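Biologist: I should like a close look at one strand of this structure, followed by an account of how other parts of the chain and the ligands are placed. Please give the cut-off for each term where it is used.

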Amino acid sequence: MQQELLQVRAVCPLDCPDACGLVVTVDPVQQKAVKLRGDADHPFTQGFLCRKVNHYLERVYHPERLLHPLKRVGPKGSGRFERIAWDEAIDTIAGRLKQVIGEFGPQAVLPYSYAGTMGKIQGSSLDRRFFHRLGASLLDRTICSTAGSVGCGITLGVGIRAAVEPEQAVNCRYIVNWASNTVATNPHFWAIQHEARKRGAKIVTIDPYRSPTAEKSDWWLPIRPGTDAALALGVMHIIFREGWQDQDYLDQYCLGADALRQRAQNEYTPETVSRITGLSVAEIEQFAKEYACSRQLFGGPALIRLNYGLQRHGGGGMAVRTVVCLPAVTGDWRYPGAGAFLSTSRQYPFDVFALERPDLIPAKTRVVNMVQLAEALHGELPGPPVKALVVYNTNPATVCPDQSRVVSGFRRDDLFTVVLEHFLTDTAREADIVLPATCQLEHWDIMGSYGHLYVQANPPAIPPPGEAKPNTEIFRLLAAAMGFERELFEASDEDLCRQALTDSGGFAGITFDQLREGQPVRLNLPTDWAPFAQGNFGTPSGKCYLFNPNEEAAGRDPLPHYIPPHEEPQTQPQLAAKYPLQMITPRNAAFLNSTFVEVDHLRRQAAEPTVNLHPDDAAVRLIENGDAVTIFNDRGRFRARASVGDSVKPGVVVTHGVWWSRYTPDGQNSNALTSTAVTDFGGGGTFFDSLVEVTRAN
Ligand SMILES: Nc1nc2c(c(=O)[nH]1)N[C@H]1C(S)=C(S)[C@@H](COP(=O)(O)OP(=O)(O)OC[C@H]3O[C@@H](n4cnc5c(=O)[nH]c(N)nc54)[C@H](O)[C@@H]3O)O[C@H]1N2
Ligand SMILES: Nc1nc2c(c(=O)[nH]1)N[C@H]1C(S)=C(S)[C@@H](COP(=O)(O)OP(=O)(O)OC[C@H]3O[C@@H](n4cnc5c(=O)[nH]c(N)nc54)[C@H](O)[C@@H]3O)O[C@H]1N2
Ligand SMILES: [Mo]
C-alpha cells in the first residue's frame, strides 16, 4: 500500500534578505525529501525561488555531505581525515579546551561564527551560552553589516535601521538601487520594483559595475567606488539650491537642517562631486531633480534601496549615515514604502537575552573583530594568544580578508581547530576535528528576515543523515563534557524556539503555537506602516539627526561628509602608482557567499573566476578578452579569466566571489588581495576597498 506524501513547510536559512517560504514534499516511508519548492502562500516570496535554492536538495543529498565526525590524520590543510565516533570527538575537544584554559586562560578560546544559517536557534543560542559560560573571547560579528547599521544609527538613532514594508514600494515612482544588485541578491524585492515600474516608476541603479540590476534598470549611474557620500551631499546641494526640500518635514522632525544645508552648499558643489565620483555634472543634476521631484515628475514618492556595496569601503559607515539623510530632506519618509530601505531585521524583537545569556560573560572579556582573524591567529591582537578556535556557520578560510595570512594562521601547529560543517570546506580542511552538522530540513529553527516583515518557524522535515547533529545538540554534548550546569543546556530546540519570542513590539500577540507548523505570520505592525512619517526617530528627541550632537561630543564631525576609501588614487597617489585599479568583489549570483560552490552544476554555471576590465585598462596591459590574468597587490595574488568590456568604468575591476580555493586555478581567491583594515564605523570589512594591478598570466 502506498503512503501519502507529506508536505512540510520550511524557511530558507541562507544569509539573504528574502528568507523564502519553502514547501518540502517528504516520502514518509523512505523519510526522504523528494521535492522542494517555494511556498505559494508566502505573501512576500510568493512561491518562487532563486536559482540556488531551487537546487537545495542537491546540497542536502550531496554525496560529499559530512556524515560522521572526523579527525585529522595528515598535515594541517592536507584534507586527510579519519572517521571517529562522537564520544571520541567530544572527549578530544573537551580535553583540549580544558588544557588550553588551564595553560592560557579561557580567552585563548575563540568562537568563530557567522550567518551560514540565519536561524536564531542554530545560529545564536546554545553556542553563545556555551562560550559565555566558558569565558571565551567574544567575537564581534562585523563581516557584513555593522558599518551600515552604525552609520544608519547616527542619523536615525542608535539601533535603528532604515526600513519600509517592501510590498508597499509598489506605490513608489522613483526607485534607486544604491549599491544593490537587487536582481541577484534580493530577487523578490526586484519583483516588487518590476511591478512598480509597470505602474509608472523609473528604476535607477548607482553602481561602479553594470550589474544585472543596472542592466535591467532605466538608468545606470556608474559611480566611482567608495564615493557615495559625496554624491548624496551633491544631491542635497542641488535640492537646497533649488528649494526642493520638504521644509516642513525638516522643521518639524529633524535636527540640524541649516547646518547640513551649509555643509552641502559650501563643500559639495556639483563640480566637486563630479571630480570625486566620476559622474558628470549633468548626471548629478538630473538625478537630484528626478529624485527630489519624483512626486511631480513621476506621480509618486521615491525609495532608496541601499544595500551593502557602499558599506565595504573605508568610509562605508559615513556613506550610509549620509544617504539615509536624503529622505528626510525630501520628506519621502511621509509615505508608506518610500524613504530608504536598508534592513527590516530590527523589527523582530527576539529574546536575545534568553537565548544567548550574555549575563554569563565574565567581566573584562576581550573582543576580537572577526574581520581581523589573520591578526588574531598570528598573535597580533592584545590579550592571550588564540590557542583553540571553534568555527561554525561560516567558512573563514574562503571569505575572510587577507586570505594567505588566515590560512597560514590555521596551519600553526599549536592551534587546535574544530569546525562544525555540512561539507569539507576550505576551512574544514584546516581543522583538527570536523563535526557533521544538520541542514535546515533536519532541525528546528525560528526565522526573522532582513528584507520583509514575516516571522516563521522551521520544523524538521526529515531526519538527519548519517550521524549529523544540530549545532545546538553539539553544544549540549560539549557542555556536558566540560561539566557545565545541566540546566543551562537542557532546553530542547523546540523550547528554544518558544524562548526566542517576546510578547512585545512586532511580536505582540504572536505565539509559538501559531508558528509551529511553519506558516508565515506578519509582524504586528500597522497596515500602512511608515515608521518615520511623523518623526519618531530613535534619538532622544525623536528627531532625525542631520546634525548629531553625540558625534560632536565624541570629537567627531557631527555632520555628514565624504570619507575616501583607504585605497584609492585620489588620496593615495603613491600606492596607486604601483596598483592603479580599484577592485570590487561583489556576489556571484550562482553562489550564496561561499555556499553552493560545492553543488556541481551551480559551480559550472559560475564557470571560473573572472575579472571584468574596461577596454582602456586592458589595452595598455596588452590583455585581451578571455586571457588568463593575474590580479595582485602587496598582500597576494590570484588568477582569473579576463572579461574585457564596458561593464566597468576605467580604473575599476570587478571579480565575483566567493570561490573555494580548491576550485580556483592557483588555490587563492580575491580575498588574497583584500585587507583587514576596517570601516570608519562599526569595524566592518572593507572587501571592496583594495588597489590592485592586473597582468597577463604566463
Ligand atoms: N545570489 C546571491 N545573493 C546574496 C548573496 C550571494 O552571495 N549571492 N549574499 C547575501 C549577502 S551575505 C549579502 S551581504 C547581500 C549583499 O547584497 P548586495 O549589496 O546587493 O550585493 P553586493 O554584490 O555585495 O553589492 C551590490 C552592488 O554594489 C556595487 N558596489 C560596490 N562598491 C560600490 C560603491 O562604492 N558604491 C556603489 N554605489 N556601489 C558599489 C557592486 O558592484 C554590486 O553590484 O546579498 C545577499 N544575497
Ligand atoms: N571577497 C569577498 N569576500 C566576502 C564578501 C565579498 O563580498 N567579497 N562578502 C562578505 C560577506 S557580506 C559575508 S556575509 C561573508 C559570509 O561568509 P560566511 O558567513 O562564511 O558565509 P558562507 O560562505 O555562505 O559560509 C557559511 C557556511 O556555514 C555552513 N552552514 C550553514 N548552515 C549551517 C548549520 O546549520 N550548521 C553549521 N555548523 N554550518 C552551517 C555552510 O555549509 C557554509 O559553509 O563573506 C564575506 N566575504
Ligand atoms: Mo553579507
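**A strand and its surroundings**

Modeller: L110 has L389 as its bridge partner in β15. This is a predicted model, in which local features need pLDDT of at least 70 and side-chain atom pairs count only at pLDDT 80 or more, whereas totals for chains, interfaces and linings use all residues. Residues are numbered from 1 along each chain as its sequence is written, chains are lettered from A and ligands numbered from 1 in the order in which they are written, and side-chain values use heavy atoms, with hydrogens and water left out.

The bridge of L110 belongs to a parallel pairing of β6 with strand β15 (residues 388-392), made over five bridges; two strands pair if DSSP finds at least two bridges between them. Strands (E, at least two residues) and helices (H or I, at least four) are DSSP runs, numbered from the N terminus. Strand β6 spans residues 109-113, and five of its five residues are buried, so the strand is largely enclosed by the rest of the structure. Buried stands for under 20% relative accessible area, exposed for over 50%, and partly exposed for the range in between (1.4 Å probe, protein chains only). The burial extends to both faces of β6: V109, P111 and S113 are buried on one side, and L110 and Y112 on the other.

Strand β8 can be described in the same terms. Five of the five residues of β8 (residues 174-178) are buried, and the strand is therefore largely enclosed by the rest of the structure. One side of β8 presents Y174, V176 and W178, the other I175 and N177, and all of these residues are buried. Strand β8 runs parallel to strand β9 (residues 202-206), with five bridges joining the two; in this pairing W178 is matched with I206 of β9. Five bridges also join β8 to strand β12 (residues 302-306), again in parallel, and there I175 stands opposite L303 of β12.

Three single residues add further detail. V26 lies in strand β2 (residues 21-27) and counts as buried because its relative accessibility is 3%. From V26 to F687 the C-alpha to C-alpha distance is 41 Å, for a sequence separation of 661 residues. D617 belongs to helix α27 (residues 615-620) and is buried, with a relative accessible area of 11%. A polar atom of the D617 side chain lies 2.6 Å from the backbone nitrogen of G651. T511 sits in the loop between α22 (493-500) and α23 (512-515), and because its relative accessibility is 40%, T511 counts as partly exposed. Between T511 and R498 the C-alpha atoms are 8.0 Å apart, with the two positions 13 residues apart in sequence numbering.

The ligands come next. Ligand 1 is surrounded by 33 residues, the closest being D207, G226, R587, F591 and N593; a residue is near a molecule if one of its heavy atoms lies within 4 Å of it. By class, the shell of ligand 1 holds 17 nonpolar, ten polar and six charged residues. At least three of the shell residues come from each of domain 2 (147-342 + 539-553) and domain 3 (573-696). A nitrogen atom of ligand 1 is 3.1 Å from an N or O atom in the side chain of K52, while an oxygen atom of ligand 1 is 2.8 Å from an N or O atom in the side chain of H313. The protein buries 99% of the 910 Å² that ligand 1 exposes when taken alone.

Around ligand 2 there are 31 residues, of which T394, N395, E421, S594 and T595 come nearest. This shell divides into ten nonpolar, 16 polar and five charged residues, and each of domain 1 (70-144 + 352-522) and domain 3 (573-696) supplies at least three residues to the shell of ligand 2. Oxygen atoms of ligand 2 approach two side chains: the distance is 2.8 Å to an N or O atom of R59 and 2.5 Å to an N or O atom of T595. A nitrogen atom of ligand 2 is 2.9 Å from a polar backbone atom of V399. On its own ligand 2 has 920 Å² of accessible area, and the protein covers 97% of it.

How values were computed
A polar contact is a pair of N or O atoms within 3.5 Å; within protein, one must be able to donate a hydrogen and the other to accept it, and residues adjacent in sequence count only if both atoms are side-chain atoms. Accessible areas come from the Shrake-Rupley method with a 1.4 Å probe; for residues, only the protein chains shown count as cover. Ala, Val, Leu, Ile, Met, Phe, Trp, Tyr, Cys and Pro count as nonpolar, Asp, Glu, Lys and Arg as charged, and the others, Gly among them, as polar. Domain bounds come from an automatic or database domain assignment.
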